[in-house]
Amino acid sequence: MRNRLATQPLFELSKPGRRGTQLPPCDVPQRDVAELLPTEAQAAALPPLPEIAEPEVIRHFTNLSTLNMSVDTHFYPLGSCTMKYNPKRNERLASLPGIVDLHPYQPESTLQGMLRLLCELQEILAEISGLPAVSLQPAAGAHGELTALMVAGAHFRELGESRTKVLAPDSAHGTNPASARMAGFDSVMVKSSESGLVDIGDLRSKLDEQAAVFMITNPNTLGLFDQQVNEIADLVHQVGGLIYLDGANMNAIMGITRPGDFGADMMHFNPHKTFSGPHGGGGPGAGPICVRDALGAYLPTPVVERDGNQFRLADNRPRSIGRVRSFFGNVGVLVRAYCYILSHGSDGLRRVSENAVLNANYLLSRVRHILPVPHGHRCMHEFVATADDLKKRTGVTAMDLGKRLLDYGFHAPTVYFPLTVPECLMIEPTETESKETLDAFAEALFRITEETPELLHETPHSTFTSRPDEVAAARKPRLKWSRPDTEEKPKH
Ligand SMILES: *Cc1c(COP(=O)(O)O)cnc(C)c1O
């Protein structure tokens with residue numbers, strides 16, 4: 001039985017008079033409060049906060065924290081999301097008082113350490129990407145895409161061109177076409193070939209002087225490195241367009257090849273993926289972007305600049321697209337990325353990628369005997385298997401397999417993405433898993449495919465919720481408790 005304390009909102013556990021704190025008596029006379037505060041700022045009654053003793057609060061939150069899976073408790077092969085182990089050293093460094101106690105409104109002269117760290121991170125990302133101009137401002141990968149497309153927009157405006165199209169392959173992450181639309185472009189889909197790579201013929205037919213940017217994910221979401229990338233870059237550059245690299249899969253190529261060297265003009269990093277920032281459930285993230293020198297002038301303000309031994313936030317940048325986020329960006333995530341990168345060094349980062357690719361290929365070699373892997377005899381850091389045959393034979397879906405894996409103590413892989421493979425499971429083991437874990441996962445997947453469809457449709461049995469309405473959960477989330485008798489209709 002689940003502990004009642006974990007499943008009931010704190011409001012329902014409330015008993016009048018219970019206390020978790022002992023506050024000193026208020027030493028401001030009531031009379032003064034009434035005089036000092038205008039009436040409209042005075043509360044008529046105390047807020048209806050739950051009244052609970054400390055042990056119950058602690059049990060409530062501790063139990064809540066165990067209802068979900070995490071990288072610290074379970075293997076988490078969520079493809080494209082790079083759920084690698086988050087080294088605890090980085091947590092400790094990121095919570096040092098000299099870092100957490102900073103305030104962004106402090107004078108620059110008192111922020112020199114943080115500015116130096118950010119400036120060095122810019123330089124490091126420029127080196128890893130092969131693209132020299134960097135902005136740490138964007139708050140997530142998707143925000144990096146949007147920011148870079150706005151940079152591209154500014155570039156074409158300055159050339160006096162009004163290009164309308166942003167192209168992306170059909171295997172791209174949904175954020176690519178969404179960012180294109182948000183940045184004011186039409187989004188054009190380019191087909192993938194039989195082999196899962198960009199269909200060059202289809203790309204050619206859609207390239208003209210209206211093409212602003214081609215967004216490519218390389219390695220792509222099938223875990224394949226598209227070796228046509230130089231040819232693709234040439235084709236796009238010939239019509240005056242730019243290449244954007246969706247850098248979510250940098251975990252496969254760090255220190256081995258650089259986007260700037262294979263033709264990309266702009267890219268984002270996902271430090272929360274590649275550089276081990278703890279993430280899940282939508283955050284926290286960062287989405288630094290790197291661009292070619294010629295595009296640097298359009299980057300958001302401020303950028304961190306080195307001035308001899310001093311560091312400053314440069315915001316006198318007349319051609320900049322302006323601010324895209326408050327202050328310096330999502331510093332907590334960036335600090336962890338900096339610690340991760342420095343503690344590995346350049347050889348270490350290369351080994352991270354080599355081991356991520358090795359682990360994925362090892363797991364691929366086991367999984368392909370259980371489920372078909374339609375694209376790729378070999379893979380980069382992840383691969384995509386399909387339950388399409390299984391579904392046709394038995395009715396068991398990719399969703400059923402993902403759900404059942406939870407009962408076996410594994411987080412589910414990504415399912416139903418990319419859209420180009422039916423009933424797909426996208427599996428990314430990452431470099432931080434042992435051979436024993438990968439073997440146990442393959443073993444579990446094999447045993448699950450031997451189970452009856454009736455059982456699999458009903459799973460999972462071991463989790464707090466089993467089959468929530470996922471569409472309603474995303475579209476009409478209930479994010480706050482309301483008294484059952486005053487149930488508010490969700491706003492949407
Ligand atoms: C995660 C991801 C994104 C979006 O990044 P966020 O940081 O989640 O906004 C974009 N493209 C790919 C391929 C991804 O895996």
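Me: Taking contact to mean heavy atoms within 4.5 Å, which residues in H16 do Leu-401, Arg-404 and Leu-405 in H15 meet?
Reply: This is a predicted model, in which local features need pLDDT of at least 70 and side-chain atom pairs count only at pLDDT 80 or more, whereas totals for chains, interfaces and linings use all residues. Residues are numbered from 1 along each chain as its sequence is written, and side-chain values use heavy atoms, with hydrogens and water left out. Helices (H or I, at least four residues) and strands (E, at least two) are DSSP runs, numbered from the N terminus, and here H15 covers residues 398–407 and H16 covers residues 435–449. Leu-401, Arg-404 and Leu-405 in H15 meet, on the H16 side, Phe-441, Ala-444, Leu-445, Ile-448 and Thr-449.

Me: How do the residues of the contact of H15 with H16 divide into nonpolar, polar and charged?
Reply: Ala, Val, Leu, Ile, Met, Phe, Trp, Tyr, Cys and Pro count as nonpolar, Asp, Glu, Lys and Arg as charged, and the others, Gly among them, as polar. On that scheme, the contact of H15 with H16 is made up of six nonpolar, one polar and one charged.

Me: Are H15 and H16 roughly parallel or oblique to each other?
Reply: With axes fitted to C-alpha atoms over the stretch in contact, and angles running from 0 to 180 degrees between N-to-C directions, H15 and H16 pack at about 120 degrees, their axes being 10 Å apart. Angles under 35 degrees count as roughly parallel, over 145 as roughly antiparallel, 65 to 115 as roughly perpendicular and the rest as oblique. The relation between H15 and H16 is therefore oblique.

Me: Are the rings of Phe-75 and Phe-410 stacked or edge-to-face?
Reply: Rings of Phe, Tyr and Trp (its six-membered ring) pair if their centres lie within 6.5 Å, and planes under 30 degrees apart count as stacked, over 60 as edge-to-face and the rest as tilted; the count by this rule comes to eight aromatic pairs. Since the ring centres of Phe-75 and Phe-410 are 6.1 Å apart and their planes stand at 90 degrees, this pair is edge-to-face.

Me: How many residues apart are Phe-75 and Phe-410?
Reply: Phe-75 lies in the loop between H4 (54–64) and H5 (88–94), while Phe-410 lies in the loop between H15 and strand E11 (414–415). Phe-75, at 5% relative accessible area, is buried (under 20%, with exposed over 50% and partly exposed in between, for a 1.4 Å probe and protein chains only), and Phe-410 also counts as buried, at 9%. Along the chain, the separation of Phe-75 and Phe-410 is 335 residues.

Me: Which residue in helix H16 forms an aromatic pair with Phe-75?
Reply: This second pair is edge-to-face, at 5.3 Å centre to centre and 80 degrees between the planes, and its members are 366 residues apart. The partner counts as buried at 0% relative accessibility, and ring pairs link it with Phe-75 and Phe-410 into a cluster. The residue in helix H16 is Phe-441.

Me: What separates the C-alpha atoms of Arg-306 and Cys-119?
Reply: Arg-306 sits in strand E8 (residues 303–307) and is partly exposed, at a relative accessible area of 42%. Not counting residues up to four places away in sequence, Arg-306 touches Cys-119, Glu-120, Glu-123 and Phe-311. Although Arg-306 and Cys-119 are 187 residues apart along the chain, the distance between their C-alpha atoms is 7.1 Å.

Me: Which residue in the loop between E12 and H16 has a positive phi?
Reply: The residue in question has a phi of about 70 degrees although it is not a glycine, and it counts as buried at 1% relative accessibility. Its place in the loop between E12 and H16 identifies it as Thr-430.

How values were computed:
Contact means heavy atoms within 4.5 Å.
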